[in-house]
Amino acid sequence: MKFSIALLGLLISTAAFAQPTPQVIDEIIAVVGNEIVLASDLASQKASLREQYKSEPDDCEVIEDRLMLNQAKVDSVEVSEQQLNSELDRRIRFFVQQFGSEKKMEEFYGKSIVELKEEFHDQLADQMRVQQMQGKITEDINVTPADVEKFYRRIPVDSLPLISSQVEVAQIVIYPAENSSEVSRTIERLERFRKEIAEGKDFSVLASLYSEDPGSAIEGGDLGMQEKGTFVPEFDAVAFSLNNGEISKVFKSQFGYHIMQMVERIGDKYHARHILLKPKVRTEDLSAARTKLDSLVNVMRKDTLSFEKAAVKFSMDDDTKNNGGILVNPQTGSPRFDMREIDPQISFTIDKLEVGEMSSPVLVTTTTGTQGYRILKLVERTQPHRANLREDYQTIQEAASGEVRSAALKEWVNRRIQTTYIKVEDRFIECSGRFNWKKS
């Protein structure tokens with residue numbers, strides 16, 4: 001198949017962020033079970049797939065997607081708000097990294113991070129349900145090493161894909177400890193804001209002037225109506241302790257220190273404003289983090305401590321520390337990165353390293369603006385080559401497994417068509433003949 005059905009559950013593709021949704025006069029073009037497909041749905045998803053795969057998808061892609069979604073709802077396949085927001089945050093972080101900062105991303109789209117999350121919330125929830133449904137259908141499929149080799153041998157040599165240089169990288173990150181005097185100064189400043197608001201100062205004005213959350217500061221600190229679980233737990237805990245109009249005490253989250261004003265709370269949803277301030281990092285505290293990493297490098301170079309164990313014990317990056325420091329490619333879920341995909345800061349550092357070698361500590365700035373130091377280790381580097389079983393077994397295994405899953409999903413769709421109400425406008429279905437949507 002030109003497009004694997006297993007890939008139809010794209011969460012939010014690069015294309016969804018990289019280009020505006022096409023303007024289409026909406027009309028219903030299909031009904032699949034209880035799911036309605038609009039002309040705009042078809043145009044938007046085809047644009048995303050076209051950008052993602054640099055080829056032209058057919059109209060059946062969207063219909064198949066809705067068939068999966070309808071069955072997911074019939075089977076009560078649910079996605080929790082925590083799962084949804086975690087995945088949404090992960091993808092937002094990835095795109096922020098591509099742009100270089102939240103501010104640049106927001107300027108490009110003309111929307112705040114909060115607005116972008118709101119825009120893609122429901123779309124992502126449906127797409128995650130589709131993925132879970134596909135997982136249920138294919139959960140018992142196993143591909144043996146013999147299956148992988150058989151799949152590989154079927155491919156003509158001149159049709160084997162060219163694999164560009166790829167790398168595997170690990171890191172250990174140390175952030176400076178919070179300075180007590182800077183924390184006190186930050187809390188005192190927020191307490192001063194609380195007093196000014198109590199005396200009649202407008203919360204929105206103070207947020208616009210002083211909040212260090214770029215996504216909401218331009219909106220006067222306004223976060224809009226959000227469901228419980230949208231933000232970090234500390235935020236929800238404070239929100240559900242406030243009455244309408246009430247201002248919170250100063251509280252801490254992973255982003256810094258806040259005060260919150262409750263605008264309105266309805267059931268498990270709330271509309272709040274906040275002001276975020278971050279304690280300033282002193283030069284000497286940042287230097288202390290670098291010194292700690294320098295000492296760690298010296299210990300590891302004497303072979304008395306492995307990089308993997310050091311990452312688990314000392315790294316302060318929650319995404320990698322429990323994986324021996326290994327970075328995971330958010331687009332593929334694999335530890336391998338194409339050199340064209342990897343963060344330029346990482347690329348510049350590892351370009352000078354031999355496989356197995358560690359860098360000196362280098363400065364790193366997170367998407368939330370936190371600064372620290374990290375050391376990078378080049379775990380593996382491959383040279384450009386045609387795919388082969390020795391160097392690319394995982395990639396070939398995934399392709400073989402994808403082919404088997406695709407066949408299983410196609411069989412499932414053909415069976416489900418016979419038991420699901422489906423009505424499709426003839427002029428919108430120009431499919432490749434995989435399925436007979438016009439069943440008797």
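## Two antiparallel sheets and their helices

An open sheet of four strands, paired in the antiparallel sense, follows the order S5-S8-S7-S6. Its edges are formed by strand S5 (222-227) and strand S6 (251-253); each has a single partner strand, so one side of each is left without a neighbour in the sheet. On average, and with direction ignored, neighbouring strands of this sheet are turned by 45° against each other. The model described here is predicted.

Within this sheet, strand S7 (residues 256-266) and strand S8 (residues 269-277) are joined over nine bridges in the antiparallel sense. Met262 has Ala272 in S8 opposite it. Helix H8 (residues 180-198) lies across S7 and S8, and runs at about 35° to S7.

A further open sheet of four strands has the order S9-S4-S11-S10, again with antiparallel pairing. Strand S9 (336-338) and strand S10 (362-365) occupy its edges; since each has a single partner strand, one side of each is left without a neighbour in the sheet. Here neighbouring strands are turned by 55° against each other on average, direction ignored. Strand S4 (residues 166-174) and strand S11 (residues 371-381) run antiparallel and are joined by eight bridges. One residue pair can be named: Ala170 has Lys377 in S11 as its bridge partner. Helix H13 (residues 307-314) packs on this sheet, where it touches S4 and S11, and its direction makes about 40° with that of S4.

The two sheets are set out below.

| Strand order | Edge strands | Average turn between neighbours |
|---|---|---|
| S5-S8-S7-S6 | S5 (222-227), S6 (251-253) | 45° |
| S9-S4-S11-S10 | S9 (336-338), S10 (362-365) | 55° |

Two helices also meet each other. The axes of helix H7 (residues 145-153) and helix H15 (residues 389-417) come within 9 Å and cross at roughly 95°, which makes H7 roughly perpendicular to H15. From H7, the residues in this contact are Pro145, Val148, Glu149, Phe151, Tyr152 and Arg153; from H15, they are Leu389, Tyr393, Ile396, Gln397, Ala399, Ala400 and Glu403. By class, the contact of H7 with H15 comprises nine nonpolar, one polar and three charged residues.

Helix H6 (residues 113-138) may be considered by its length. Its 26 residues, at 1.5 Å a residue, should span 38 Å, and the end C-alpha atoms are 35 Å apart, which agrees. H6 nevertheless bends by about 45° at His121.

Technical notes. Residues numbered from 1 in each chain as written. Predicted model: local features only at pLDDT ≥ 70, side-chain atom pairs only at ≥ 80, totals over all residues. Heavy atoms only, no water. Axes fitted to C-alpha atoms, helices over the stretch in contact; angles between N-to-C directions. Parallel < 35°, antiparallel > 145°, perpendicular 65-115°, else oblique. Contact = heavy atoms within 4.5 Å. Nonpolar A, V, L, I, M, F, W, Y, C, P; charged D, E, K, R; others polar. Pairing = 2+ DSSP bridges. Expected span 1.5 Å × (residues − 1). Bend = angle between axes of the 7 residues up to and from the residue.
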